[in-house]
Amino acid sequence: MTDKEKPQEHFASAYSLQNADQTKAHYALWANSYDQEIGTDKGYRQPQRCAEALVQHGLKPEAKILDIGCGTGLSGIALQHAGYKNIDGCDLSAEMLEKAKAKQVYKRLFETNLNEPPIDAEDAIYDATTCVGVFSFGHVEPNAIDEILRLLKSNGLLVIGLNDHYYNEGGFPAKLDALVSEGKIEILSRDHGFHLENVEGSTGWVITSRKK
Ligand SMILES: C[S@@+](CC[C@H](N)C(=O)[O-])C[C@H]1O[C@@H](n2cnc3c(N)ncnc32)[C@H](O)[C@@H]1O
């Protein structure tokens, strides 16, 4: 394959997105090659790590899960591999959702902008929500957790997988600390490990919380 024929890489430019229009345009271009670039070539480990965290914290196979920012569905596939079948998904990008639909792992899929609540879903209907790779610059802001908690049942699990870059610089730990001190969540685990295994230095966190 010549350089001209190779699909363009979109990973590096994802870190410079600044608003929803840029993010939508970015993922519209990336939808076709995302799975190959991130899932295969770069060795994306967060979907599996997040799904395993739900199993470790005792989430039952019949649990109803919302995969928030589901993208092309790599995070839904990981949930399915972990034994879950009752999964909905939502995302900002219609093109990414199209790819997720083709994977046939989600019951309901819908478009949403997490930074502009409300999400089109009723209060307290999910046993767990997953946010894998969606808290990032130009993506979803930490305050979106308030709206995500609305969708969770009491004692429901919230698992978030994010890279070090946003964890360290995006105001994320401060939001978690505030929710803990307000008595809204308890943190069950914080695990550090691979984000993209084949990219040097690409590590990240999987944080699992329980809604109080
Ligand atoms: C890196 S991808 C992760 C997709 C999937 N969870 C995975 O692990 O492969 C980030 C996703 O977040 C979505 N996203 C970005 N900003 C968003 C927002 N404000 N509301 C909802 N989804 C958003 C993007 O469209 C994209 O599909």
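Let's start at Leu-188, which is partly exposed, with 27% relative accessible area. This is a predicted model, so everything here is read off predicted coordinates. Leu-188 sits in strand 6, which spans residues 185-194. Setting aside neighbours within four places in sequence, Leu-188 is in contact with His-57, Leu-157, Thr-208, Ser-209 and Arg-210. You can also look from Leu-188 across to Ala-53: these two are 135 residues apart along the chain, and their C-alpha atoms are separated by 9.9 Å.

One of those contacts, Leu-157, takes us inward, since Leu-157 is also touched by Leu-54. Not counting residues up to four places away in sequence, the list for Leu-54 includes Leu-59, Ile-65, Leu-79, Tyr-84 and Ala-128 too, along with Thr-130 and Val-159. Leu-54 belongs to the largest nonpolar core, a set of 33 residues in which Tyr-34, Leu-54 and Leu-59 touch the most other members. Who supplies this core? Two or more residues come from each of helix 1 (20-30), helix 2 (34-41), helix 3 (46-56), helix 4 (74-81), helix 5 (94-103), strand 4 (126-132) and strand 5 (152-163). Helix 3 gives the most, with four residues. Apart from this core lies another one, of 28 residues, with Leu-66, Cys-131, Tyr-166 and Leu-179 among them. As a general point, nonpolar side chains in soluble globular proteins tend to be buried together.

Helix 4 is worth a visit of its own. Which of its residues are buried? In helix 4 they are Leu-74, Ser-75, Gly-76, Ala-78 and Leu-79. The cover over them includes helix 2, helix 3, strand 1 (64-68), strand 2 (86-91) and strand 4. Just after helix 4 comes Gly-83, with a positive phi of about 110°.

Now for the ligand. There are 23 residues around the ligand, and Tyr-44, Gly-69, Asp-91, Asn-113 and Val-132 come nearest. Tyr-44 uses its side chain: one of its N or O atoms is 2.8 Å from an oxygen atom of the ligand. Gly-69 uses its backbone instead, with an N or O atom lying 2.7 Å from a ligand nitrogen. Leu-114 also offers a backbone N or O atom, 2.9 Å from a nitrogen atom of the ligand. On its own the ligand has 600 Å² of accessible area, and the protein covers 97% of that.

Finally, look at the aromatic rings, which make six pairs. Tyr-27 and Trp-30 form a stacked pair, 5.5 Å centre to centre and with 25° between the planes. The two are three residues apart in helix 1, so about one helical turn separates them. Tyr-27 counts as buried because its relative accessibility is 13%, and Trp-30 is buried as well, with a relative accessible area of 3%.

Phe-137 and Tyr-166 meet in another way: their ring centres are 4.9 Å apart and their planes lie at 80°, so this pair is edge-to-face. This pair links distant parts of the chain, 29 residues apart, with Phe-137 in the loop between strand 4 and helix 6 (144-151) and Tyr-166 in helix 7 (residues 164-169). Is each partner buried or partly exposed? Phe-137 counts as partly exposed at 24% relative accessibility, whereas Tyr-166 counts as buried at 4%. Elsewhere, ring pairs join Phe-135, Tyr-167, Phe-172 and Trp-205 into a cluster.

Conventions
Residues numbered from 1 in each chain as written. Predicted model: local features only at pLDDT ≥ 70, side-chain atom pairs only at ≥ 80, totals over all residues. Heavy atoms only, no water. Core = buried A, V, L, I, M, F, W, Y, C linked by side-chain atoms within 4.5 Å. Buried < 20%, exposed > 50% of the residue type's maximum accessible area, 1.4 Å probe, protein only. Contact = heavy atoms within 4.5 Å. Near = heavy atom within 4 Å. Polar contact = N/O pair within 3.5 Å; in protein donor to acceptor, adjacent residues only side chain to side chain. Areas by Shrake-Rupley, 256 points an atom, 1.4 Å probe, with all protein chains shown as cover. Phe/Tyr/Trp six-rings, centres within 6.5 Å; stacked < 30°, edge-to-face > 60°.
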